[in-house]
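Let's read this model together, one feature at a time. Keep the viewer open as we go.

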Number of protein chains: 2
Amino acid sequence: MSLGGKVAIIGSGVIKYGENFHQSLTDMIYEAVTLALADAKIERGRLEAAWLGCYEPMLYGFEGNSGTFVSDPLNLFPIPVTRVAAYCATGIEAVRNAALAVASGEYDVVLAVGAEKMREVPSRGSLVAQAVNRGHPVLAKGRTAPGMFALVATRYFKEYGADEEALCAIAMKNHHHGSLNPKAHFQKEITPEQYRKAPKVAEPLGLFDCCPTTDGAAAVVLTRADLASKLTDRWSVIRGVAYAVTAGYWNTQFDPSWSFTSFRATREAAKAAYRMAGITNPAKEIKVAECHDCFTITEIVNYEDLGLAEPGAGWRWATSGVTRLGGDLPVNTSGGLKSCGHPIGSSGVRMIANVHDQLLGRAGRMQVKDATMGLAHNLGGPGAVSAVAVLSQP
Amino acid sequence: MSLGGKVAIIGSGVIKYGENFHQSLTDMIYEAVTLALADAKIERGRLEAAWLGCYEPMLYGFEGNSGTFVSDPLNLFPIPVTRVAAYCATGIEAVRNAALAVASGEYDVVLAVGAEKMREVPSRGSLVAQAVNRGHPVLAKGRTAPGMFALVATRYFKEYGADEEALCAIAMKNHHHGSLNPKAHFQKEITPEQYRKAPKVAEPLGLFDCCPTTDGAAAVVLTRADLASKLTDRWSVIRGVAYAVTAGYWNTQFDPSWSFTSFRATREAAKAAYRMAGITNPAKEIKVAECHDCFTITEIVNYEDLGLAEPGAGWRWATSGVTRLGGDLPVNTSGGLKSCGHPIGSSGVRMIANVHDQLLGRAGRMQVKDATMGLAHNLGGPGAVSAVAVLSQP
């Protein structure tokens with residue numbers, strides 16, 4: 001007995017991502033959940049339990065450190081709302097725990113919501129600044145996220161003969177996809193000239209290699225797969241969902257196999273999710289994917305770690321258009337973190353909602369033909385954590 | 001199909017609670033998990049997943065906001081470690097999510113660990129101080145935890161004719177029990193004179209009405225009930241575990257039924273846990289309990305909200321010795337939060353470990369005769385959240 005195939009998604013909601021100064025964290029959650037419930041065509045009273053993925057409600061949002069601020073605006077009392085936090089994989093972790101609870105048989109209809117308020121805190125109050133100020137062992141050495149992923153790009157270039165053209169191709173692709181997504185933070189194309197002229201953030205990564213800082217929320221409604229047809233006429237099925245914690249931290253002290261060109265966390269999470277889903281050839285079986293493009297180089301490495309491209313071949317997928325809409329395996333058709341932004345707790349739930357839309361054939365101008373099975377992926381916590389969800393049509 | 005009865009506890013570990021300046025958060029987790037694994041007589045390699053209850057790893061412990069710091073010292077890579085946060089109910093929430101995952105059939109052997117490092121942060125950096133500084137809507141009005149529970153005591157006295165003698169009885173009982181517990185922060189009896197002469201914190205609550213600020217960690221190992229006998233010869237069974245989120249905040253704006261003498265969150269969590277466990281007469285069926293005595297008045301109100309005593313009768317249970325070791329229904333035989341302290345994420349797991357010990361007949365001088373079924377309870381988040389776990393002998 002396993003989770004794979006036992007849980008269905010019957011509704012999803014994603015709010016407009018961006019600088020949502022007009023909305024509190026609670027406002028965003030209210031909107032996302034309301035959209036998801038309307039999509040599922042169920043009343044909030046049907047919900048029996050909920051999971052909230054929110055990375056830093058206190059630091060960014062001035063909210064409490066629990067799930068109460070999901071219940072308060074929606075009057076969900078007294079159902080349980082569990083708050084989970086797992087660095088940048090927080091969103092899929094919320095869905096995973098919700099799916100395990102549904103699979104246990106304890107609850108029939110549950111909610112998973114991800115949200116993060118990031119724009120209202122000035123730079124000095126930001127997560128990274130606080131971590132550096134407090135002497136975080138990694139960040140205090142100047143190894144911020146762009147700095148660490150710059151090392152990945154540099155090493156990848158050296159190992160596999162790639163160069164900035166591959167990164168530019170990812171940036172242009174994801175900005176193109178974002179231009180088709182009315183929920184994305186940025187909805188505009190960029191040119192190669194803009195990419196090349198942009199200021200460097202951490203050599204070789206420039207402004208258009210980095211995802212922005214964004215407010216956002218997303219929600220999905222889950223039920224048992226054997227109940228889905230009684231509740232709705234359109235649903236997708238969670239074939240597998242896994243989360244892996246490994247040694248990260250960009251050095252070989254914790255993990256002798258650390259290579260700078262591959263993340264064990266993603267490999268392990270994908271392996272576990274594919275096992276649950278019965279997938280043996282992901283490159284052939286997965287038809288659409290949302291993967292963690294916090295930086296352009298990350299997306300290229302993810303192609304390989306997810307078993308979609310051979311090691312060292314990911315950058316050619318970028319330059320040859322394999323993963324662009326119309327290509328063989330479109331990736332980040334939403335625009336990815338690059339265009340949507342990365343409100344930490346929200347991202348994984350938003351990705352699952354986007355894949356769900358693809359499977360239901362309702363992705364609009366982002367629609368991929370014959371999208372029968374899709375994947376969502378997060379990487380986080382200095383390369384230490386990753387989550388992968390595999391969804392399919394019923 | 002439901003969670004109740006499907007999950008067993010096969011090992012537990014609790015570290016010495018106190019001012020553990022010699023231990024980091026990671027050190028405490030390492031020790032608690034090592035004790036629990038040794039007790040379960042299994043290798044760490046048998047663990048397939050883990051849940052961490054930790055309320056504020058960044059604020060108090062300078063650790064990351066995920067479960068990675070469980071994996072790092074124990075080399076648990078690559079299994080998933082989910083971090084949950086639920087105010088003062090964080091510990092039982094970790095066990096609840098672990099139990100749901102086991103009940104789903106996805107994992108056979110999992111870990112739930114609770115930990116909190118609270119003594120190393122000076123008062124101005126404490127959780128309450130930060131919340132007040134940042135304008136928390138409740139705390140900024142001076143309604144700190146002692147201030148809020150003082151209102152409960154005052155109202156309870158007026159409604160039911162109790163007085164400070166009932167609070168003194170709870171303080172003396174829990175300090176007596178703590179004197180028998182080698183893991184407690186405080187292990188000494190107090191006298192009525194000490195109680196009366198103690199400085200007031202928030203009238204009518206004095207120093208001995210308030211639990212201390214403490215470092216601690218606890219862990220339990222869970223498996224499916226039908227696998228327990230293959231792994232060990234001593235285990236207990238989780239008959240029910242529930243978590244409720246309600247309106248709290250000490251006013252009638254959010255909850256018109258707010259009374260100051262009862263917490264809906266506890267009533268709802270108990271109702272759900274008893275339903276899972278098939279309990280219809282808790283006062284008769286529950287033989288030993290650990291309940292949330294953050295303040296002495298809280299324990300009295302809990303007797304009533306948990307359905308053990310009639311409304312208004314809880315204070316007489318305190319003064320007549322019903323809940324003292326040797327009484328009809330001993331409560332907080334560990335010494336409770338009053339003597340153990342309340343390292344937030346750890347408390348619920350420690351309580352479950354204590355009840356487990358009672359069911360296995362290994363509680364030493366704290367042992368309750370014929371302890372066939374027991375209960376652990378947390379209340380938190382300005383009265384808004386509560387968790388209840390019911391355990392029994394196999």
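## Reading a two-chain model

Q: How many residues does each chain give to the contact between chain A and chain B?

A: The contact takes 44 residues from chain A and 44 residues from chain B, where two residues count as in contact if their C-beta atoms, placed from the backbone, lie within 7 Å. This is a predicted model, in which local features need pLDDT of at least 70, side-chain atom pairs count only at pLDDT 80 or more, and totals for chains, interfaces and linings use all residues. Residues are numbered from 1 along each chain as its sequence is written, while chains are lettered from A and ligands numbered from 1 in the order in which they are written.

Q: Which elements give two or more residues to the side of chain A that touches chain B?

A: Elements here are DSSP runs numbered from the N terminus: helices are H or I with at least four residues, strands are E with at least two. On chain A the list is helix H3 (68-74), strand S3 (81-85), H4, strand S8 (236-245) and helix H10 (264-277). By class, that side holds 24 nonpolar, 13 polar and seven charged residues. Ala, Val, Leu, Ile, Met, Phe, Trp, Tyr, Cys and Pro count as nonpolar, Asp, Glu, Lys and Arg as charged, and the others, Gly among them, as polar.

Q: How many bridges join S3(A) to strand S3 of chain B?

A: Two strands pair if DSSP finds at least two bridges between them. Here three bridges join S3(A) to S3 (residues 81-85) of chain B, and the strands run antiparallel. A:Arg83, for one, has B:Ala85 as its bridge partner.

Q: What turn and shift lay chain A on chain B?

A: Copies are superposed by least squares on the C-alpha atoms of residues with pLDDT of at least 70 in both. A turn of 180° with a shift of 0.0 Å along the axis lays chain A on chain B, with an RMSD of 0.0 Å. That is the relation of a two-fold axis. In chain A, A:Ser104 has the C-alpha nearest the axis, at 1.7 Å. Also, 100% of the interface residues of chain A are interface residues in chain B too, so the copies meet through the same surface.

Q: Which domains make up chain A?

A: Domain bounds come from an automatic or database domain assignment. Chain A divides into domain 1 (7-123 + 214-235) and domain 2 (138-212 + 238-392), with C-alpha centres 23 Å apart. Their contact takes 36 residues from domain 1 and 34 residues from domain 2. On the domain 1 side, the elements giving two or more residues are strand S1 (7-14), helix H4 (90-103), strand S4 (109-116) and strand S7 (216-224). H4(A) gives the most to that side, with eight residues.

Q: Where should I look for unusual backbone geometry?

A: Most residues other than glycine have a negative phi, and most peptide bonds are trans. The bond from A:Glu203 to A:Pro204 is cis, with omega near 5°, and A:Pro204 sits in the loop between strand S5 (200-202) and strand S6 (205-206) of chain A. B:Asn332 has a positive phi of about 55° although it is not a glycine.

Q: What is the mean pLDDT of chain A?

A: pLDDT is the predictor's confidence in each residue, from 0 to 100. For chain A the mean is 93, and 92% of its residues reach 70 or more. The model scores ipTM 0.94 and pTM 0.95.
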